Amino acid sequence: VFELSVSDGRNNFGEVISYQIYIKPPFYQTWWFNTLIVIASLLAIYGLIQLRIRGVKEQNTILETKVADRTKELNQKSSELENSNNELLHKSKLINESLEYAKKIQESILPSQEYLDKQFAEVVTTAAIYLPKDIVSGDFYLFTNYKGTILIAAAVCTGHGVSGAFMRLIGNSLLKDTVKSQGITNPLEV
């Protein structure tokens, strides 16, 4: 408000005239500008949040894809390992069955307890104890009666397992052949 009064210089004042002057505030101090700033700030914050959410979703999608791929690879490897394990178990079963059968063959070559009892009934009570290290073995014993001469042999062939079993078959065959075919009964010559 601007007030004006005129004086004659003698302390006489005239009527006071008032003028009201309106000064427009700068635009950045107006209510609509402040409202616009608040709305723009809220929109900017909302936009940043949405951008961040989109980025997180994209990262989650990438990670889910990687996890799915790795899970698929692990399942495939697990399946391969299971198949290999089953194959190994099957082969192991076949080998063990084969070794058990070979053990029966080896045991059939050894003289039976009944045979030993029959041959030595008058002399001594016998007991043959045969405990191979593996399922099959290279160790064996031989009892034979050749023309009234009783021959007893305990033999140890080199090796255990399959290789020793082959050596046992050869050794057993050679000993029997030496005694029965060639008639050699002297231990030094056998």
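This note goes through a predicted model in numbered points, from one helix to the surface, the core and the salt bridges.

1. Helix α3 spans residues 161-181, which makes 21 residues. From its first C-alpha to its last it reaches 29 Å, and this is close to the 30 Å expected at 1.5 Å a residue. After the helix comes Gly 183, a residue whose phi is positive, near 70°.

2. Which residues of α3 are buried? They are Gly 161, Gly 164, Ala 165, Arg 168, Gly 171, Asn 172, Thr 178 and Val 179, and because they cover an arc of only 160° around the axis, they lie on the same side of α3. As background, an α-helix has 3.6 residues a turn, so residues three or four places apart point the same way. The face of α3 turned away from this buried side carries Phe 166, Leu 174 and Ser 181, which are exposed.

3. Lys 176 also belongs to helix α3, and with a relative accessibility of 34% this lysine counts as partly exposed, since the partly exposed class lies between the limits of 20% and 50%. Lys 176 and Val 190 are 14 residues apart in sequence, while their C-alpha atoms are 9.9 Å apart in space.

4. On the surface, Phe 2, Leu 4, Ile 17, Tyr 19, Ile 21 and Ile 23 together make a nonpolar patch of about 630 Å². The elements that contribute two or more residues to the nonpolar patch are β1 (2-4) and β2 (17-19). Ile 17, one of the patch residues, lies in strand β2 and is partly exposed, its relative accessible area being 38%.

5. In the interior, the largest nonpolar core consists of seven residues, namely Leu 110, Leu 116, Phe 140, Tyr 141, Phe 143, Ala 155 and Cys 157. The elements giving two or more residues to this core are β3 (137-146) and β4 (149-160), and of the elements involved it is β3 that gives the most, with three residues.

6. How many salt bridges does the model contain? The count comes to two, and they are taken in turn in the next two points. In general, side chains of opposite charge can pair when their charged atoms come close.

7. One of the salt bridges joins the side chains of Lys 91 and Glu 87, with an N to O distance of 3.1 Å. The two residues are four apart in helix α1 (residues 31-109), so that about one helical turn separates Lys 91 from Glu 87. Lys 91 has a relative accessibility of 43% and therefore counts as partly exposed, and Glu 87, at 43% relative accessibility, is likewise classed as partly exposed.

8. The other salt bridge is formed by Lys 93 with Glu 97, and here the closest N and O atoms are 4.0 Å apart, which a careful reader may set beside the cut-off applied, namely a side-chain nitrogen within 4 Å of a carboxyl oxygen. Lys 93 and Glu 97 both lie in helix α1, where they are four residues apart, or about one turn of the helix. Lys 93 counts as exposed because its relative accessibility is 52%, whereas Glu 97, at 43% relative accessibility, counts as partly exposed.

How values were computed:
Residues numbered from 1 in each chain as written. Predicted model: local features only at pLDDT ≥ 70, side-chain atom pairs only at ≥ 80, totals over all residues. Heavy atoms only, no water. Expected span 1.5 Å × (residues − 1). Buried < 20%, exposed > 50% of the residue type's maximum accessible area, 1.4 Å probe, protein only. Arc of directions from axis to C-beta. Patch = residues over 30% accessible without salt bridge, like charges linked within 9 Å, V, L, I, M, F, W, Y side chains within 5 Å. Areas by Shrake-Rupley, 256 points an atom, 1.4 Å probe, with all protein chains shown as cover. Core = buried A, V, L, I, M, F, W, Y, C linked by side-chain atoms within 4.5 Å.
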